[in-house]
Amino acid sequence: MKKYFFLVLSTLFFVFAQTAFAAAADANSCLNITTNLPKNVDMTKVRDAWLSWYNTARAQNGLKPYVYNEALNETAANWSFYSEKKGSIDHKRAGQKSYYDYKKVGAWFASKGVTFATRTSGNSDYVENIGWDYYSCSKADCTDDLIASIKSTYNFFIGEKNKKYRAHYESIMNKSYHEIGMGIAVDPAKKKYYLTVHYGTDVIVPKDNAACTVPAGNAVPSLASSTGNSVISVPALVDVQGAHKF
């Protein structure tokens with residue numbers, strides 16, 4: 001009887017903890033968010049590599065290059081950090097049942113102080129790409145090792161070109177958009193990285209979100225640099241379902 005009671009209690013505690021963790025991720029804005037990258041990784045160089053892969057592919061198809069949006073870099077880093085702490089990555093926010101819930105993701109963006117101008121064409125105003133893979137490095141500078149590892153996620157995206165489901169590929173090749181955000185978190189114990197890419201149309205960052213910053217040293221731009229109500233044009237892309245065997 002005691003063993004059964006303990007099992008039930010443990011199960012209830014686990015469910016409560018998972019729910020609370022997800023709720024906290026939704027409610028706490030982006031204060032004190034870090035990508036949790038080791039100090040031996042230059043995230044700026046990693047982002048530059050990711051963007052160069054995108055833009056090389058776009059140029060080969062006659063498309064204009066993407067540029068990074070600081071607010072989306074931050075939200076992407078936020079989701080990767082949360083996923084690393086959870087131990088897995090998906091699109092699910094608190095209370096979400098379906099794999100991808102557009103409105104829940106939008107509410108999550110809003111909780112970080114980021115909203116999007118509504119498109120009149122009926123297309124989505126924002127979307128999230130995610131991926132993970134194995135990564136391990138103990139050298140003095142592991143930047144190139146991480147770049148080599150995340151190339152597998154990029155290859156997964158771009159490799160959808162001739163597939164029936166090719167949402168990631170279409171995100172990269174969308175001819176109407178020009179800005180993205182990317183963030184990574186690393187779990188040294190599990191030897192994995194978690195990667196998030198955010199896209200959106202007309203990102204709106206209110207001036208009262210100035211306190212929404214990321215700790216120094218993690219190479220994630222802060223929203224504190226925004227003045228007034230900034231409207232930044234960024235790409236609106238299709239719904240997606242993850243990058244690495246998701």
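R58 lies in helix α2, and in this predicted model the residue is buried yet takes part in no salt bridge. The nearest side chain of opposite charge belongs to E179, which is 12 Å away. A salt bridge requires a side-chain nitrogen of Lys or Arg within 4 Å of a carboxyl oxygen of Asp or Glu, and the 12 Å between R58 and E179 therefore does not meet that cut-off. The side chain of R58 instead reaches the backbone oxygen of K64, at 2.6 Å. When residues up to four places away in sequence are not counted, R58 touches L63, K64, P65, Y66, I172, M173, N174 and Y177.

A second arginine of helix α2 can be described in similar terms. R47 also lies in this helix, and R47 is buried without a salt bridge, the nearest side chain of opposite charge being that of D48, 8.1 Å away. Here the side chain reaches the backbone oxygen of M182, at 2.5 Å.

The setting of these residues is given by the overall architecture. The protein holds six helices and seven strands, and from the N terminus on its elements follow the order α-α-β-α-α-β-β-α-α-β-β-β-β. Of its 246 residues, 49% count as buried. Among the contacts with a separation of 6 or more, 79% are accounted for by residues 24 or more positions apart.

Helix α2 also figures in the interior of the protein. The largest nonpolar core contains 50 residues, of which W50, Y54, L146, I150, M182 and I184 touch the most other members. The helix that gives the most to this core is α2, with eight residues. The surroundings of I150 can be listed in full: leaving aside residues up to four places away in sequence, I150 touches V46, W50, W53, M182, I184, Y193 and L195. M182 thus appears in two descriptions, since M182 is one of the residues that I150 touches, and the backbone oxygen of M182 is reached by the side chain of R47.

Five salt bridges are present in the structure. In one of them the side chains of D144 and K45 meet, with 3.2 Å from N to O. D144 lies in helix α5 (residues 143-158) and K45 in helix α2 (residues 43-60), so this pair ties together parts that are 99 residues apart in sequence. Both ends of the bridge are partly exposed, D144 with a relative accessible area of 47% and K45 with one of 40%. Another salt bridge is formed by the side chains of K86 and D90, at 3.1 Å from N to O. In this pair K86 is partly exposed, with a relative accessible area of 23%, whereas D90, at 15% relative accessibility, counts as buried.

A further salt bridge joins E128 and R93, whose closest N and O atoms are 2.6 Å apart. The pair links distant parts of the chain, 35 residues apart, with E128 in strand β3 (residues 126-134) and R93 in the loop between α3 (70-86) and α4 (102-111). Both partners count as buried, E128 at 0% relative accessibility and R93 at 3%.

The burial of E128 can be set beside that of the strand to which E128 belongs. Eight of the nine residues of β3 are buried, so this strand is largely enclosed by the rest of the structure. Strand β3 is part of an open sheet of four strands, which has the order β1-β4-β5-β3 and mixed pairing. At the edges of this sheet stand β1 (67-68) and β3, each with a single partner strand, so one side of each is left without a neighbour in the sheet. The strand β3 is therefore an edge strand within its sheet and is nevertheless largely enclosed, because eight of its nine residues are buried.

The pairing of β3 can be followed residue by residue. In general, the strands of a sheet pair through backbone hydrogen bonds, either parallel or antiparallel. Strand β3 is joined to strand β5 (residues 192-200) by nine bridges, and the two run antiparallel. Two positions illustrate this pairing: I130 stands opposite T196 in β5, and Y134 stands opposite K192 in β5.

Definitions and conventions:
Residues numbered from 1 in each chain as written. Predicted model: local features only at pLDDT ≥ 70, side-chain atom pairs only at ≥ 80, totals over all residues. Heavy atoms only, no water. Buried < 20%, exposed > 50% of the residue type's maximum accessible area, 1.4 Å probe, protein only. Lys, Arg positive; Asp, Glu negative; His and termini not counted. Polar contact = N/O pair within 3.5 Å; in protein donor to acceptor, adjacent residues only side chain to side chain. Contact = heavy atoms within 4.5 Å. Pairing = 2+ DSSP bridges. Core = buried A, V, L, I, M, F, W, Y, C linked by side-chain atoms within 4.5 Å.
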